[in-house]
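Biologist: I would like a close look at a single part of this model, the place where charged side chains pair up. Please take it slowly, as I am in my first year.

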Amino acid sequence: MTSDVIDAKHAEAPLTLDQAPPKTLGALDQGAFWANLGVSLLGFSFALFLINPLNDDNPLTFTAALVASLVGSLIGTAMVGLAAVPGAQTGQPAMVLLRGLFGARLSAVPTVLNIIQMIGWGAFELWVVAMGAQAIFGTSVPYAAWAIAAGVLTTALTIYPLGAIRLLRRFVTVGVVISIIWFAVVFLRDTPAQTGGSWDAFAPAVDFVIALSVSWVPVAADYARYSRSSRAAFGGVVGGYTIAQVACLAVGVYAVALAGHGAVSDQPTAVFAPFVAAPLGALFFGILVLRETDQSFANVYSTAMSLQNLMPRVDRRIFSVAIGVLTTGVALVVDVNSYGAFLGIIGAVFVPMLGVLAVDYFLLGHGRDWDTSENAPSRWLMVIPWVLGFATWWLLAAPSAVPWWAAIWNGVRQAVGFTPQPWMSAAVGAFLVAGLVTLGLGALRRRR
Ligand SMILES: O=c1cc[nH]c(=O)[nH]1
């Protein structure tokens, strides 16, 4: 690898995996970047999942929802931070790191899953930008025009990823902070006192927030690899993302109450009405809508990086443009009602994978000699804890919205005589099972 980057202020990401990444991002850059990712228009819409994760007539109290958002964000971002550290230490993107964990060939499996989830997220993001713009400006400009405009901006940002991150820190973060504080003050004043609610669905609510956060696990190293230190990478994720996500979900909880649970349940974008109706609402909501393209930027850029794990010498800009076009195309036909099921699948795949990675890299010390080359040998043993963690997730999780999948796991629960208790968290359980089995396999290997 050669490093041909000299000027840290203007350094850009290398075009292929053959060049070393410039180590230019400090704690502030990372914190500002992750704080921007923590605030999302989708977070406002789907604060409904936080308030009522089981979709029954027993939602959480406001307090329970806020505590669940804090607990879930701290657990989730600690996981994302753990995934970021190997990126900062090795300079490798997220999916290339998985060559070290699973071997080069097997790493293609999580890579393909990640590409699918990133395109899905990117499409959801372009959808929500277009819907947000229509909430402000009305429907005289059609949805498709906004989605295409957002797709073009997204793609342009991915051509200059480090420039985009510097832009966020210098100019965008302040506007986002002011907007969120503004809406928090207005909504706290306007929201009627809550009647009813309980803490019964606290654990599933925490799971939802963890799943929201850990959706970034498979991309964290793509940005941490440009970090000046592991501490900056970990601190930026945990500090920036936690504060921002809790603030975003809290504002979302109040916005859902103002818009009406029923209305948001029928049409998720109904939650935008209180934002636009607030004093100066169009201005501050406009800032949030425009800034939402940082999320689609991260999705498209990380898809390009994932593709480079499979085709390391193709210029990342070619992938960016192709994925930008594809994501925009998907956004034109996206079905946002599939979001809940989508989040469940992401959590079930990537939380246990992180459990395996964290134990193998940090505790068993294999990270020191991980082979991340294109010829890294397969490590089939690592698939066992991953699959067991995946199964644990579905044994513990609230039933999936997809009926045939829910029926399979109900059947498994009955067959093994297991009934999940309300306090059990699928995310924590899956992470622990995957991590402990990896530890056990490591101990067995050492004895031999
Ligand atoms: O756009 C998003 C939002 C959450 N998580 C992602 O990976 N992408």
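Which residues are linked with R313 in a network of salt bridges?

Modeller: The model is a predicted one. In it, the network of salt bridges that includes R313 also takes in D18 and E374. As background, side chains of opposite charge can pair when their charged atoms come close.

Start with the pair R313 and D18. They form a salt bridge in which the closest N and O atoms are 3.3 Å apart. This pair links distant parts of the chain, since D18 sits in the segment before α1 (27-38) and R313 in the loop between α15 (293-310) and α16 (316-331), with their positions 295 residues apart in the sequence. How far are the two covered by the rest of the protein? R313 has a relative accessible area of 48%, so it is partly exposed. D18 also counts as partly exposed, because its relative accessibility is 38%. Both values fall between the cut-offs of 20% for buried and 50% for exposed.

The network is one part of a wider set, as the structure holds eight salt bridges. Two others help to place it. In one of them, the side chains of R169 and D29 meet, with 2.5 Å from N to O. R169 belongs to helix α8 (residues 161-190) and D29 to helix α1, so this salt bridge ties together parts that are 140 residues apart in sequence. Its two partners differ in cover: R169 is partly exposed at 30% relative accessibility, whereas D29 is buried at 6%.

In the other, R379 meets D360 through their side chains, at 2.8 Å from N to O. R379 is in the loop between α17 and α18 and D360 is in helix α17, and the two are 19 residues apart. Here both partners are buried: R379 has a relative accessibility of 18%, and D360 has 0%. The reason R379 counts as buried is that 18% is under the cut-off of 20%.

Charged residues also appear on the surface in another setting. R368, R445, R446 and R448 gather there in a patch of positive charge. R368 is found in the loop between α17 (339-363) and α18 (383-396). With a relative accessible area of 73%, R368 is exposed, because the cut-off for exposed is over 50%.

A nonpolar surface patch makes a contrast in chemistry. V109, V112, L113, I116, L310 and M311 make up this patch of about 480 Å². Helix α6 (residues 108-137) gives the most to it, with four residues. L113 lies in that helix, α6, and is partly exposed, with a relative accessible area of 32%.

Last, a contact between uncharged side chains. T242 and T77 are joined through their side chains by a polar contact of 2.8 Å. T242 has its place in helix α11 (residues 230-259) and is buried, with a relative accessible area of 7%.

To return to your part: D18, R313 and E374 are linked in the network, and R313 and D18 join a loop to the segment before α1.

How values were computed:
Residues numbered from 1 in each chain as written. Predicted model: local features only at pLDDT ≥ 70, side-chain atom pairs only at ≥ 80, totals over all residues. Heavy atoms only, no water. Patch = residues over 30% accessible without salt bridge, like charges linked within 9 Å, V, L, I, M, F, W, Y side chains within 5 Å. Areas by Shrake-Rupley, 256 points an atom, 1.4 Å probe, with all protein chains shown as cover. Salt bridge = Lys/Arg side-chain N within 4 Å of Asp/Glu carboxyl O. Lys, Arg positive; Asp, Glu negative; His and termini not counted. Charge placed at Lys NZ, Arg CZ, Asp CG, Glu CD. Buried < 20%, exposed > 50% of the residue type's maximum accessible area, 1.4 Å probe, protein only. Polar contact = N/O pair within 3.5 Å; in protein donor to acceptor, adjacent residues only side chain to side chain.
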